[in-house]
Structures are given as C-alpha cells and as structure tokens.
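Work through the exercises below with the sequence and the 3D structure at hand. Try each task before reading its solution.

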Amino acid sequence: MLTSLGAHLVRRPWLFLVAAVVLVLDAVLLGADLPGRLSNTGTTDPASESARVQRVLEQHYPEQQPNLILLVSVPGHAQVDDRPLARQGVRLAERLAFEESVVGVVSYWQTGLADLRSRDGRQAVIAARIDGGEDWARDELERLAPHFRGEQGDLTVRISGSLAVQNEIESTVAADLTRSELLALPLTLAVLVWVFGGVVAASLPVLVGLATVLGTGAVLRLVTGFTEVSVFAQNLTTALGLGLAIDYALLIVRRFREELAAGAVPGDAVVRTVRTAGRTVLFSALTVAVALAAMLALPLAFLRSLAWAGISVVLLAALASLTVLPAVLVLLGRRVDAWPVRRRKRGAAASKGRLTAAVMRRAPLVTVAVTGLLLALGLPFLGAEFGTADHRQLPATSEARAIQEALRDDFDGSPEGTVPVLLRTGDASRAEARAVAGRIAAKLSALDGVTRVESSAGTYRDGSRSEAATPADSSRATAGHDLLTVIAEDDTSATSAAHQRLVETVRAASSSDGASVGGPAAALLDTKAAIGRGLLPALAFVLGATLLLVFLLTGSVVLPLLTVALNALSLTAMFGAVVWVFQEGQLSGLLGFTATGDVETTLPVLMFCVAFGLSMDYGVFLIARIKEEFDRTGGHRAAVVRGMRSTGGLITAAAVVLSVVFVSIGLSRITNTKMLGFGVALAVLVDALVVRTLLVPAVLRLLGARAWWAPGPLRRVHRRLGLREEPAPYPPPTPTPEERTSHERHAVTR
C-alpha cells in the first residue's frame, strides 16, 4: 500500500498538492465558527447523583443556582442602605428581572438578606440566572453585559458569576492559543535550521505542521457535531498536530536525504522513504491514537471530547506527512539541500554511538542510577490532592476573578459553605412534605461539621428547630421536591477535604430517606469515583494495545513489556512536577499562577494519555531502527549502537521541537493549560534525553539477545502478521571498535 502511494506521489505530485490546498482552505472556512461551539464543562459524570441534583436545581430552584452576579458599589463613603441609592438598586434589580432570559433575580435591596451586603456596607449583590442552554446563556451574557456593566446612575456595577468566569476563560484560551502559535512556529523553524543546516529542508516540516494546524479547526468543528468539545481541546490539538506533524516530517525528510546520499534518484528516494519511514509514521500515529483512545473509557465529556479530537488530529498529522510532504519532495528533488546556512556535521552520529557504547559498558550502574533518579522525581505525586477548577484559573488581573474573591473576602454567608440536599416528596401533601423535610433537617443538623440546616419547615441547629419557617422558605417545596440547605462550619473552599467528608456523612445519614446530595464537593467525589471505575479498563486497553503493537513491530514478547515499563517510568518526573510546582506552589511567582493546593481531577488522566502516547512515538522511532539493524546484522549489541547512532539525533531534535510547542502552550495565562504545556514538555525531554539515551541502551545491554525472545507459536504469528521495515538501501556506517568486537563475538557464537 505504501509503495503504491509513493509511486502515485511521484507520478502526480501536483494533483496531491492542489487537493491539499483545496482541503486546507475548506478546513479554514469550516472551522471559522469553532470558538462559539466549545464549552468549559463536561468534567462531571452526567449519570451521577450530584449531576441529577444539579439538573433539578437549575430547573426548579434557579435562585439557588445563580450564574450571573452583579456586584454593586456605592460612591465615596455612602452606604447601600442610603435611600436614594437603595431606590436605584431596586430599579436596577427590577430592570434585570424584566429581561426575558433572566430568572430567579435576588437582590439585597429587595430581600434585605445580610449575606448580600458587604461588611462595610459599601457593596451589595444582585444574583440571577440566565436560563437556557450553555451557548444561549453565553450569548445572552454578552448582550446584557454592556447594558448593566459600569456606571448605572450613582452606582458602579461589575459583572461576574460562573458564566462570566467561563467566558473569560474561553476568550483567554483563544488569545493565548494565537500567541503560542505565533511563538512556536518561528522557534521551531530555528531549531530545524540548526538540525538540517539548510532553510529549505527546515521549512518543510513547518509547512506540514502549519497545514495540520489549519486543518485542526475543521476536525474539532466536525467533532462538535456529535459530542461536546472542551475549550481546552484547541490547545491540545494544536500542540499535538503541530508537534507530531513536525516530528513525522522530520523523520520523512531525514530519510529522504539519506536515500539521496546513498545515490538514489529523487523519485526512487521518495518511494523508498514512504515505504520505510512512512511505515514508522503510520505505526507511531497508531500508538499515539491508542493512548488517547483510553480516555473514551471514562464517562466524562471533557476527556472523551479530547480523545476524539486528539485521535483525529494525530491521524491528520500522519496523513499530511505521508501525502503533502512527499509530493513537495518529488518537486524539490536534490534542491532539498538548497540555501544552506551551515555545514552538516558528520561527527554527531559517531558521538551518539560512542555515548551508547559507554552506557552499555556500565549498564548495571546506569540502570540503577537513572531508575532511582526518576522514581525519586515522582515521589511528590504520592501527596497529590485532587480538586476542581475555579476562578483562580484566571490571571490575577481578571475582573471575574477579582469579583469572586471580593464575594469571598468581603461578604458573610459565603456560598462555599453550603451543601444542597434534594428530597423527593412525590404526591405527598405540602404539610406531609414539610414534616418529612423537618425530620431530615433535624437529623442532619446534629451531624459533626454542620452549623445549621435550612428547610421549608424552618431552620434547624443541633437536632432541633431554632427558627420558624419564613415565606422565603416555602419556595423550597416544589412539585415533587423539597430542598434542604446544609450550612457547613468550614466555608474556606467548596471542595475542601472537610467538605468532602461532610458530603459523605450527609449521604450516609440521608440515603435511607431517598435524599440526593449535590454541590461542588459532591460533584468532585462523583467525578473521582467515575474516574476510578473507568481507570482500570482504560489502562488495560492502553497496555494491551501497546503490547500488541510493539509485538507486531518486533516479534518479541520482552520488548513490549520493556517498552511499557520504560514509558511509565519516563512520566514520573512530570507527575512529580505537577504536584511540587502547581499544587504546592513552587515557582508560582516565576510562572505566574495561583496555587490552589490541589490538582484538577481530570488533568493527570489527560496528561498521562498524551505523554504516554508521545513516549511511544519516540520508542517506535528507536525500536524500529534497532530492529532493522538486528535483522540485517544479527548482532544485538551492534544493532543497539547503530540504531542509536541513526535515530538518536532525530529523537533529540524531535523532542526539542515538541517541547518548544508545548512550552509555548504552557505560557498560557490559564493555570490548567500552563500545567498541561509545561508538564508534557518536561515528560518529552526526560523521555528523549534520559530514558531513550541512557536507560534503553543500558537495559537492552543487560537483556542481551533475550530481548528478542518469543515462544514458537508467537514467532509464527509474527512471521505472518508482523510489521517489518525493509533494510536501508544505503551502506551501513563504519562500525566502532566496540561494534566490531561485538559482531565478531556474535559470528563466533553462531
């Protein structure tokens, strides 16, 4: 198939290029409306108890679930209770309530609730909910904001709430993405000029990467047609598409130049390149896609959308590298080396071979030292605490974040300390439902960590009613439901460890009464439970598919196990850094973020799948070449050294390019995007510079020829179904003395 593709590319290069240009232009048009279709939700299990409670609250208790907050300030030393200002506040709230899309308006001036008035009396809150779906609510916020923000008579209004936070995150992500692309492309080109020594050869991978990035928007737009797609998918797919396309193109261009150096004419060189390096590209793309597909086993729309988007863009990167790039190479021919800026150094490969030989001579020491170092770097992850993302993801200069922090610091009765409990009353009369609510409220108010419980039957403290029901309390009883609000002693964070323990206690105490518990802490517990249930199947899928693919490539049962173990080991530094830097706040001033004391629950899963797939990418580059040398010479040690000499520089260059892309993503002002970018960049560099350079040759030296072992039946399976690289058509490099000795020993043994 690949030989046929290469032949078609040689005969009709312009046809492929024109088709590619048309498809890219169509992709740009198709992806034009993508930003408006992305969401910042999907991090909870829709079938969970907390999600069911949330849907009922949004439908029947909009005043309990405001997504729009107007923080109103008065001028000078005035107070919000001053009559002229109070009248303006009432009119402002009424004007908001008259908006057709707004429901559940609650203001300090209309209710007199002390919790809606700041301690100094100079600020007050108007809370409401913009009804409807996510896209509609976002559009309505953008319509309403100019009419309510800023000077409103003598009052000054600032706007926040979950919708405003979400909007600001999305706009910040979009702006940061454009900046990262503008930064990554020239830096990547500079790295490739240094690698290839010429402008033309260096420009080709960037060309393929740019085509992939332009096609990424169309891919995501198509994915939004059948599933919810996270706003963070733009960053991930751009980084993956640009990085992998450049990596694959780097492999293709390097192999093409080697074919030319061996004396092949350009047409034959393209066919051989597509047949050999193209097979490695396809296999590599498949392994990355398999790692990303593991997220499909988890019931979270956030991770599933990233899986579909990531798989699509990885395959797009491989397609561009196997069609657009070879077509350009056919037209360029030997002019691929045009515009040289420096002479290509010939000693780099020999230097890599000498390093590999030195590592193999000290294999036990290197194996123990490197393994111990990587395990030590991963130790901080043992203290990981998992939480949910909030307004602190935004930079400190954000208006939405500043208002949320003002509500926390300047007002009493923080919503951080409440837990909603939903009762199903069915066909019971109002009196019967109120009696049931009072009984359960009394029981919950006696629990440790509970200050009081508010219900339709009144307010309860320490197991008994302390305040009679008010007219406002009667609104808690609706058709078929009754709402209790548990006020916790700990109001520092809605997802703190104390809150999570309280939710577990409330659930245990009220489950026999048919009650359901919601709120942020309950959602976090349900999300962790959902990930826990899906994690084992996801890991089993990744490991099983990886073992199978590496077996098909190598014919060994040892190398697949070794590959999985080393890939996992290469991720330890990343996970350790996630906790040490982003959870504990080390380097927070330098990197410009606010440490929250925890890690967003879904992010380690995403980072594992991405980094594991990229680690497999480099593993395939290396193992495929070592396998090729082993099949050609039959010498294990010489095959390892020559494989490292042939691909070591390639892997280093690819890692530098990919890390540049992910670091540019990590310069985002959103904390989670920063964590993803810097974390994956670190994992890529550790894998390429430590694991592939030091640990792989050391472990292969210890294993010796046993690395290629497989039982007889599996060897026969591999002979029928296995993937094989054809031997390189160019002469092998001159062996080093260590290689010559190894080869002679192998010949004597045979």
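**Exercise 1.** How much area does the protein chain expose, and what percentage of it do carbon and sulfur atoms supply?

*Solution.* This is a predicted model, in which local features need pLDDT of at least 70 and side-chain atom pairs count only at pLDDT 80 or more, while totals for chains, interfaces and linings use all residues. Residues are numbered from 1 along each chain as its sequence is written, and side-chain values use heavy atoms, with hydrogens and water left out. The exposed area of the protein chain is about 30800 Å² (Shrake-Rupley method, 1.4 Å probe). Carbon and sulfur atoms supply 61% of this area.

**Exercise 2.** Describe the protein chain as a whole.

*Solution.* Start with the extent: the C-alpha trace spans about 95 × 50 × 45 Å along its principal axes. Next, count the elements: the chain has 25 helices and 14 strands (DSSP runs, H or I of at least four residues for helices and E of at least two for strands, numbered from the N terminus). Then turn to burial: 55% of the 750 residues count as buried (under 20% relative accessible area; exposed is over 50%, partly exposed in between; 1.4 Å probe, protein chains only).

**Exercise 3.** Is Leu 92 buried or exposed, and which residues does Leu 92 touch?

*Solution.* First locate Leu 92, which lies in helix α4 (residues 83-97). Its relative accessibility is 4%, so Leu 92 counts as buried. Not counting residues up to four places away in sequence, Leu 92 touches Val 72, Ile 126, Phe 148, Gln 152 and Val 157 (contact means heavy atoms within 4.5 Å). Leu 92 and Val 157 are 65 residues apart along the chain, and their C-alpha atoms are separated by 9.9 Å.

**Exercise 4.** Which residues is Arg 143 in contact with, leaving aside its neighbours within four places in sequence?

*Solution.* Arg 143 belongs to helix α6 (residues 134-148). Because its relative accessibility is 37%, Arg 143 counts as partly exposed. The contacts of Arg 143, leaving aside neighbours within four places in sequence, are Glu 99 and Ser 101.

**Exercise 5.** At what angle do helix α13 and helix α23 pack?

*Solution.* Helix α13 (residues 363-377) and helix α23 (residues 671-703) pack at about 140°, and their axes are 8 Å apart. Axes are lines fitted to C-alpha atoms, for helices over the stretch in contact, and angles run from 0 to 180 degrees between N-to-C directions. The two helices are therefore oblique to each other (not under 35 degrees, roughly parallel; over 145, roughly antiparallel; or 65 to 115, roughly perpendicular).
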